[in-house]
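Trainee: Please give me a close look at one part of this model, going through the polar and charged side chains in turn. I would like the surroundings of that part added afterwards.

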Amino acid sequence: AYFTWVYGDTVRGSGMRNGWFALGMHAPHDTEALEGGFVGAISGQQMRLGQLTLAVDLWTGIGGMHLEGLADGCPHDANFAFFGQADVELGIRLFPGVRLAGYAGMQAIVDVLGWEPFSSALYYTPVAGLRVTCGR
């Protein structure tokens, strides 16, 4: 599945991060994959080292998911779920107010109601990627 993220956060003088996010999971046509969306909160701690930033973040949210192509004929092919991601992020200042950050961590989706075909209540995977952030 592909993920599309929108998020915003603030960093206090002490380095504490607080914010929000919305994400959508979508799969290419004719593939079997989880699809859905989540909204939630970001919390973490950031440290500045000259032009570099180092941060640890926790993303927690609620939403729904659907098993595209895997739930044909099942009356409950969509479900309510919780989302969580813990990651470590290393960023570098490119220009005033613009940073490029790489991150790595673990992401999990927990099925809340346990309907078929979600017989396994926990889905998890390692994650890694790049983020471009704007702000001070």
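**Polar and charged side chains**

Mentor: The side chains of Q85 and Q107 make a polar contact of 2.8 Å. This is a predicted model, and the distances that follow are to be read as such. Q85 belongs to strand 5. Its relative accessibility is 1%, so Q85 counts as buried, the limit being under 20%. Beyond its neighbours within four places in sequence, Q85 is in contact with W5, D57, L58, W59, Y103, M106, Q107, V127 and R131. Two names in that list, D57 and R131, come back below as members of a salt-bridge network.

Take R131 next. D87 and R131 form a salt bridge, with 3.1 Å between their closest N and O atoms. D87 is in strand 5 and R131 in strand 7, residues 122-134, so that this pair joins distant parts of the chain, 44 residues apart. Both partners, D87 and R131, are buried. For R131, the reason is a relative accessibility of 9%, which is under the 20% limit.

R131 also forms a salt bridge with E89, where the closest N and O atoms are 2.5 Å apart. Here again distant parts of the chain are linked: R131 from strand 7 and E89 from strand 5, with their positions 42 residues apart. Through shared partners, salt bridges join R17, D57, D87, E89 and R131 into one network. The whole structure holds four salt bridges.

Which residue besides R131 does E89 meet in a salt bridge? The partner is R17, at an N to O distance of 2.9 Å. R17 sits in strand 2 (residues 16-26) and E89 in strand 5 (residues 78-95), 72 residues apart, and the pair thus links distant parts of the chain. E89 has a relative accessible area of 5% and therefore counts as buried. R17 is buried too, because its relative accessibility is 7%.

R17 has a further polar partner. Its side chain and that of Q46 are joined by a polar contact of 2.7 Å. Q46 is found in strand 3, and at 10% relative accessibility Q46 is buried as well. Leaving out residues within four places in sequence, Q46 touches V11, G15, R17, T53, L54 and A55. R17 can therefore be followed in two directions: to E89 by the salt bridge, and to Q46 by the polar contact, with R17 itself buried at 7%.

Now the nonpolar surroundings. The largest nonpolar core has ten residues: F21, L23, M25, F38, I42, W59, M65, A81, F83 and I109. Strand 2, strand 3 (33-49), strand 4 (52-68) and strand 5 each give two or more residues to this core. Strand 2 contributes the most, with three residues. In soluble globular proteins, nonpolar side chains tend to be buried together. W59 is a point of connection with the polar part: W59 belongs to the core and is also among the contacts of Q85. Strand 2 holds R17 and, as said, supplies three core residues.

Strand 7 gives a contrast in exposure. G129 lies in this strand and, at 24% relative accessibility, is partly exposed, whereas R131 at 9% is buried. G129 touches A101, G102 and Y103, residues up to four places away in sequence being left out. Y103 is also in the contact list of Q85. The C-alpha atoms of G129 and A104 are 6.7 Å apart, with 25 residues separating them along the chain.

For the chain as a whole, there are seven strands and zero helices. Of its 136 residues, 29% are buried. Among contacts between residues at least 6 apart in sequence, 53% join residues at least 24 apart, and the three salt bridges described here, with separations of 72, 44 and 42, are links of that long-range kind. The chain exposes about 8000 Å², with 64% supplied by carbon and sulfur atoms.

Last, confidence. The chain has a mean pLDDT of 83, and 79% of its residues reach 70 or more. Strand 6 (residues 98-111) has the highest confidence, at a mean of 92, and strand 1 (residues 2-11) the lowest, at 83.

Key:
Residues are numbered from 1 along each chain as its sequence is written. This is a predicted model: local features need pLDDT of at least 70, side-chain atom pairs count only at pLDDT 80 or more; totals for chains, interfaces and linings use all residues. Side-chain values use heavy atoms; hydrogens and water are left out. Helices (H or I, at least four residues) and strands (E, at least two) are DSSP runs, numbered from the N terminus. Buried means under 20% relative accessible area, exposed over 50%, partly exposed in between (1.4 Å probe, protein chains only). Contact means heavy atoms within 4.5 Å. Accessible areas come from the Shrake-Rupley method with a 1.4 Å probe; for residues, only the protein chains shown count as cover. A salt bridge is a side-chain nitrogen of Lys or Arg within 4 Å of a carboxyl oxygen of Asp or Glu. A polar contact is a pair of N or O atoms within 3.5 Å; within protein, one must be able to donate a hydrogen and the other to accept it, and residues adjacent in sequence count only if both atoms are side-chain atoms. A nonpolar core is a set of buried Ala, Val, Leu, Ile, Met, Phe, Trp, Tyr and Cys residues joined through side-chain atoms within 4.5 Å. pLDDT is the predictor's confidence in each residue, from 0 to 100.
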